[in-house]
Amino acid sequence: MGKVQVWRWWLAAGVLAITAYYLMPEGSTAGTLIYSGIGLASGLAILVAVRRYRLPRPGMWYWIAAGMFANTIGDILYDHYKYVLDKEAYPSFADVFYLASYPCTLIGLLLLVRGRRGKMAELVDAAIVATGLSLVFWVFVLHPMAAATAATLTGVISTAYPAIDVLLLALLARLFTDAAKRTPSTLLIGLATALLLAADIGFSLLTLHAGTDPRPLDALFQLSYLCWAAAALHPSPAAPAEDEEANGVGRGRLALFGACSLLAPVLLFVPQVGMDGLDRSVVAVGSAVLFLLVIARMAGFASLLRRQSATMRRAALQDDLTGLANRRRFDLDLLDALAHGPVHVVFLGLNGFKNVNDELGRPVGDRVLRLMAGRLQRVAPADSLVARLGGDEFAVLFPEAQAGRRPAELVAALREPVLAGGHELLVGVAAGVAESAGDQTDPVEMVRRAEAAMHAAKQTGEPVRRWTAALDERAGERARMGAELQAGLADDQFRVVYQPIVDVPSGRVAAVEALVRWQHPERGLVPPMVFIPVAEQNGLIVELGEWILRTACARLARWRAGLGDEAPGKVSVNVSARQLSRPGFADTVAAALADSGVPAHCLAVEVTETAVFEGGQAVTALHELRALGVRIALDDFGTGHSSLGLLQTVPVDILKVDKSFVDRITEAGRHAVIAEALIQVSAGLGLDAVAEGVETAAQAEALSRRGYRLLQGYHFGRPVADPDFALVRAAAS
Ligand code: C2E
Ligand code: MG
Ligand code: MG
């Protein structure tokens, strides 16, 4: 039979046996045999269960079984005295065994309870319940009992039972105030103990008040035995794994404690209880004890709350990912530091971190951030505070004395290559520094200044930049211009001009480069070098760029229709990084081509090395454009990273050699050598090379001699709204 069912069968058989016992006449041998049989069988059942099911804590079960055997021997002797010898059975030699059984049961219960981690809170809970119940016990049982019996052996013995019951009660309370989940087995043990208690108390009260030997109580003793054995036979463990949080107070437990601590005062008002002075003192002492216990419990509860709020505070001030301080903590500490003296805030922003996330996945991105956090903590001095303010932004707060070279050191540490996800990554970083001036006590303003300086550093490519008031003026100016750009776009203030790119041997206008102009009503003609960066920063470049693209395509379509073979072969449009990195750029281009009717191979987009150097969406967009048939030109080549490796990873058709190499092509020197090398690289890779900024015939001649066919510059024509291609051709010949 499976263990699952045994305990049920056991209880059913036991109940049958008890019924049989009551059917036998009182004092019959059969009755005695059944009665003792139940006790013996229960003890044996426990022993068998311990062996068969390898119960945990066998010691506890052995003690409980021993208690049962002692009790049963007591029962046999009791019946022997009463029915065989016809003598007074209570008190008698049987009581020796009865009394001996209690320590065994108590030890068993102790072993069960002791195995649980004695959390202070649980012990206090148990004490509250035990004290409350013991008071009731004293008033109703123990004290009347002691008063009724003289100081004889009988008196001692009859008060001994209820006294021991108080101990049982305490253990029971301990078992059931435990926060651990109670298994059926534990419940059965509790039931067994409660039955034993009820039987004992009933026995004491009935013999005290009615003077009879109560046979009906026998069933309680028997059921108690049965439950003990059933607990051993039940498949659930008697001592379950405990819960972590034993300090919490559920509603049920709260009610229990409330009731127990109210017991003492309530007793004072129960009219039937003729309380004497002793009772009152006992109840008073009990109330005091209860009061103290409840206080202790509440103190424990308060300290738990304190601990929890400390944990929550810590969590609220810490960055989950890196373990560094978070923005809130940084602001708090900064506020504090500002009150104590001058401080420096260094704001660090990573460059191109978004690409790491996009291309290598978030886990790698997270790893990079953790690595960076570790480096900052290593480099930053001990009395500084390193925080992650969010995303890829960090900040370090240090006292004035520490400033000086520190920001540069921080930047250098972050710029070291990072090994993550099997890649060696170079993560760029820029730092902005803000110093607190005498009046400067606003932490938010300090961080804002450091951040503004960081953005300025990013823009110019410097590693570190200090905040100055001029920076804000420039930022204010930029903000104003940004708003005006928006208005200008709506107000049609932009124009596109075209500069020819000439194929020198043939004199044909191979292409025109579209260049934007801003005719501002008050500022006059604003050069693109001034407003393009602003439009890039505020995002307007996306809208403006699309307008330029459409205008240029439409213009080429008109030339093709009007000039036929004389029309420029293609139009070259500048595209900025921000446009490229927006998903869907290729779709925008495809739509512009479709709407104008210009074939894709007649359009080139000019991108700078820096725009595509960091890879990511920008390079993806270039591949998509390439797939459309659009040509790709690398603008200002030689001024950015000048990485020849880029020519392999990025799809490129045209190399636009920067004006700086052209300027000095006529002098024998480094620039001429580079210009010469670049034409060879282009030829080797099958790229078209365009020399930009050709201003003189001598330069044109020198370039042609070195193999450059495609030239662009003032020598052939300035960028104008409506170039005269015949004139251009004349200049080329
Ligand atoms: P870029 O793409 O390298 O354009 C060439 C610049 O060199 C143009 O300046 C052009 O006028 C100038 N240039 C051409 N030949 C000569 C010459 O012989 N001598 C001298 N000194 N300069 C010459 P521009 O039009 O002021 O444009 C400056 C930059 O602004 C462009 O450099 C480009 O990066 C950006 N830009 C211009 N138009 C646009 C546009 O429509 N979209 C975007 N995203 N950027 C544009
Ligand atoms: Mg260009
Ligand atoms: Mg250029």
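**Close-up views of a predicted model**

**View 1. A look at the second largest pocket.** In this predicted model, the second largest pocket has a volume of about 250 Å³. Its lining is made up of 15 residues, and those nearest the pocket centre are Ala-452, His-455, Ala-475, Arg-478 and Gln-537. Sorted by character, the lining residues are six nonpolar, five polar and four charged. Three helices, H15 (443-460), H16 (469-490) and H17 (528-538), each supply at least two residues of this lining.

**View 2. Meet the magnesium ion (ligand 3) and its protein donors.** Asp-635 (OD), Asp-636 (OD) and Glu-692, which is listed twice (OE), lie 2.0 to 2.6 Å from the ion. Along the chain, the donors follow the spacing D-D-x55-E. Asp-635 also bridges to a second ion, the magnesium ion (ligand 2), and the two ions lie 4.0 Å apart. Because Asp-635 sits in strand E13 (residues 631-637) and Glu-692 in the loop between strand E15 (688-691) and helix H26 (697-705), the pair ties together parts that are 57 residues apart in sequence. Both Asp-635 and Glu-692 are buried.

**View 3. Inside the largest nonpolar core.** Here you can find 81 residues, with Phe-531, Val-612 and Tyr-708 having the most contacts inside the core. Helix H18 (residues 540-563) gives the most to this core, 11 residues. Beyond its neighbours within four places in sequence, Val-612 is in contact with Leu-580, Val-607, Ala-618, Val-619, Leu-622, Leu-634, Leu-646 and Val-650.

**View 4. A second, separate core.** This one has 53 residues, including Tyr-78, Tyr-161, Leu-172 and Ile-189. In soluble globular proteins, nonpolar side chains tend to be buried together.

Note on methods. Residues numbered from 1 in each chain as written. Chains lettered and ligands numbered in written order. Predicted model: local features only at pLDDT ≥ 70, side-chain atom pairs only at ≥ 80, totals over all residues. Heavy atoms only, no water. Donors = N, O, S within 2.8 Å, 3.2 Å for Na, K, Ca; no water. Helix = DSSP H or I, 4+ residues; strand = E, 2+ residues; numbered from the N terminus. Buried < 20%, exposed > 50% of the residue type's maximum accessible area, 1.4 Å probe, protein only. Core = buried A, V, L, I, M, F, W, Y, C linked by side-chain atoms within 4.5 Å. Contact = heavy atoms within 4.5 Å. 1 Å grid on protein atoms, 1.4 Å probe; cavity = no way out; pocket = protein on both sides within 12 Å on 5 of 7 lines; lining within 4 Å. Points joined across faces, edges and corners; volume = space filled by probe spheres on them. Nonpolar A, V, L, I, M, F, W, Y, C, P; charged D, E, K, R; others polar.
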